[in-house]
Amino acid sequence: MISRTGENDPVREIVLLGSTGSIGTQAIDIVRRNPEGFRVVAVGAGGGNVEVLAAQALELGVEAVGVAKASVAQDLQLAFYAEASRRGYATGDFRIPKILAGPHAMTELAQWPGDVVLNGVVGSLGLAPTLAALRAGRTLALANKESLVAGGPLVKAAVTRPGQIVPVDSEHSALAQCLRGGAAAEVRRLVLTASGGAFRGRRRAELTDVTPADALAHPTWNMGPVVTINTATMVNKALEVIEAHELFDIGYDAIEVMVHPQSVIHSMVEFVDGSTLAQASPPDMRLPIALALGWPDRVADAAPALDWTRAHTWEFAPLDVEAFPAVRLAKEAGAAGCSRPAIFNAANEECVAAFVAGRLPFLGIVDTLERVLEDAPDFPPPGTVEDVLSAETWARAHAQEIIGKGA
């Protein structure tokens with residue numbers, strides 16, 4: 001159940017973008033267990049798994065479903081009939097929801113009538129849906145960090161009311177919870193914790209021959225391949241630093257990263273009097289997802305709590321900036337502003353794809369990022385999505401050029 005102040009609070013209507021991914025499927029699990037609090041009215045995904053998308057839509061009884069790939073619209077329709085047959089539905093026992101297909105499908109769904117849009121789309125493709133949801137006045141549960149990284153000024157300009165954006169990332173959710181404990185003027189710095197990824201404790205010289213399979217072996221979290229590799233390079237944490245800056249209006253010099261292998265303390269806020277508030281919970285994304293869907297209220301039993309009947313040991317260590325320079329590069333890109341964060345993010349996506357394909361060594365990912373940022377022209381501050389896309393297009397092409405020359 002949802003802990004709310006009023007007894008007659010209406011059910012919140014949810015639009016799930018990226019519903020077939022890790023964030024989306026866990027959000028659906030929360031909705032299943034809290035039918036009195038949430039109802040999913042629309043789901044959308046890239047289109048790589050239309051069978052799962054059709055099954056979700058039929059189970060949840062949504063009004064609309066979207067796929068970013070226009071070419072799979074017919075496959076999705078056929079998947080509905082196959083799923084209905086598997087469930088034993090007779091003709092007339094089910095209806096196919098409205099199908100939106102094509103590159104603007106997620107943006108259209110973001111404006112679908114409802115209360116909360118959970119943006120779990122992966123990559124910079126999530127920017128347009130983020131802007132659409134905000135401009136439509138929806139509460140945005142934001143799991144797509146690239147929206148703020150690539151288009152921070154645009155996102156801020158699209159906000160229609162205070163508190164409209166609620167972070168889903170466990171680190172930023174933790175910061176939002178800790179910031180309830182003090183006024184903004186009392187904050188000295190934010191401390192983002194990092195698991196350290198698959199290569200925690202290794203020095204740069206020990207990372208020369210690691211493989212994609214090595215990078216995907218995350219010791220704590222079960223995430224998608226792009227996020228998992230970004231965690232191994234610490235690019236994921238670098239993006240989170242930019243996101244924290246945009247979300248909480250804190251300067252880059254007041255945002256720190258600490259390695260915390262247990263992933264129990266999700267982030268901390270240090271105040272001017274020397275006190276620090278930390279948010280602690282087991283590493284389970286259902287808690288921050290549920291909090292984002294129900295914000296500012298908590299969803300009871302969203303995830304298991306810590307067991308305080310047994311001993312715990314929590315470790316913290318400074319980030320090895322020589323082995324993992326991505327955070328430094330992100331701070332420099334963020335401080336430079338304009339389109340540098342968008343360039344950072346887009347170039348990284350190209351580098352990760354090249355690493356997975358065997359065309360770039362692991363250390364080449366961040367090394368290439370640094371070269372792209374060094375070579376970047378002075379793009380003007382982004383005023384439109386097209387401005388962001390223009391900078392990203394340059395970054396992707398230049399990253400590929402460097403990769404092709406054997407970075």
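Colleague: In which helix is Glu171 found?

Modeller: Helices and strands are DSSP runs numbered from the N terminus, a helix being H or I over at least four residues and a strand E over at least two. Glu171 is found in helix H7, residues 170-178. Residues are numbered from 1 along each chain as its sequence is written, and side-chain values use heavy atoms, with hydrogens and water left out. The model is predicted, so that local features need pLDDT of at least 70 and side-chain atom pairs count only at pLDDT 80 or more, whereas totals for chains, interfaces and linings use all residues.

Colleague: Is Glu171 buried or exposed, and which residues does Glu171 touch?

Modeller: Buried means under 20% relative accessible area, exposed means over 50%, and partly exposed lies in between (1.4 Å probe, protein chains only). Glu171 counts as buried because its relative accessibility is 11%. A contact is a pair of heavy atoms within 4.5 Å. Leaving aside residues up to four places away in sequence, Glu171 touches Leu192, Thr193, Lys237, Glu240, His266 and Ser267.

Colleague: What is the mean pLDDT of the protein chain, and where does pLDDT stay under 50?

Modeller: pLDDT is the predictor's confidence in each residue, on a scale from 0 to 100. The mean for the protein chain is 93, and 97% of its residues reach 70 or more. Over residues 1-7 pLDDT stays under 50, and for this stretch the model has 20 contacts beyond four places in sequence.

Colleague: How should a sheet be read, and in what order do the 7 strands of the open sheet stand?

Modeller: Strands of a sheet pair through backbone hydrogen bonds, either parallel or antiparallel. Two strands are taken to pair if DSSP finds at least two bridges between them. In this open sheet the order is E5-E4-E3-E2-E6-E7-E8, with parallel pairing. Strand E5 (98-101) and E8 are the edge strands, each pairing on one side only. From one strand to the next, the twist averages 20°. Within this arrangement, strand E2 (residues 12-17) and strand E6 (residues 116-119) pair in the parallel sense over 4 bridges, and Ile14 stands opposite Val116 in E6.

Colleague: In what order do the 5 strands of the other open sheet stand?

Modeller: The order is E12-E11-E9-E10-E14, and here the pairing is mixed. Its edge strands are strand E12 (276-280) and strand E14 (317-318), each of which pairs on one side only. Strands E9 (residues 187-194) and E10 (residues 255-259) run parallel and are joined by 5 bridges. Thr193 stands opposite Met258 in E10, and Thr193 is also among the residues that Glu171 touches.

Colleague: At about what angle does helix H10 run to E9?

Modeller: Axes are lines fitted to C-alpha atoms, for helices over the stretch in contact, and angles run from 0 to 180 degrees between N-to-C directions. Helix H10 (residues 235-248) lies across E9 and E10 and runs at about 150° to E9. In the 7-stranded sheet, H3 lies across E4 and E5, at about 150° to E5.

Colleague: How many residues of H2 are buried, and against what do they pack?

Modeller: An α-helix has 3.6 residues a turn, so residues three or four places apart point the same way. H2 is mostly covered, with 8 of its 11 residues buried. Among them are Val50, Leu53, Gln56 and Leu60. The buried residues of H2 pack against helix H1 (22-33), E3, E4 and helix H3 (73-86). Just after H2, Gly61 takes a positive phi of about 65°.

Colleague: How many salt bridges does a search of the whole structure find?

Modeller: A salt bridge places a side-chain nitrogen of Lys or Arg within 4 Å of a carboxyl oxygen of Asp or Glu. The search finds 23. One of them joins Asp169 and Lys145, at 3.2 Å from N to O. This pair links distant parts of the chain: Asp169 lies in the loop between strand E8 (165-167) and H7, and Lys145 in helix H6 (residues 145-158), 24 residues apart. Asp169 counts as buried because its relative accessibility is 10%, and Lys145 is buried at 6%.

Colleague: What are the closest N and O atoms of Lys156 and Glu246 apart?

Modeller: The closest N and O atoms of this salt bridge are 3.3 Å apart. Lys156 belongs to helix H6 and Glu246 to helix H10, so the pair links distant parts of the chain, 90 residues apart. Lys156 is partly exposed, with a relative accessible area of 36%, whereas Glu246 counts as buried at 15%. Elsewhere, salt bridges that share partners join Asp29, Arg33, Asp284 and Arg286 into one network.
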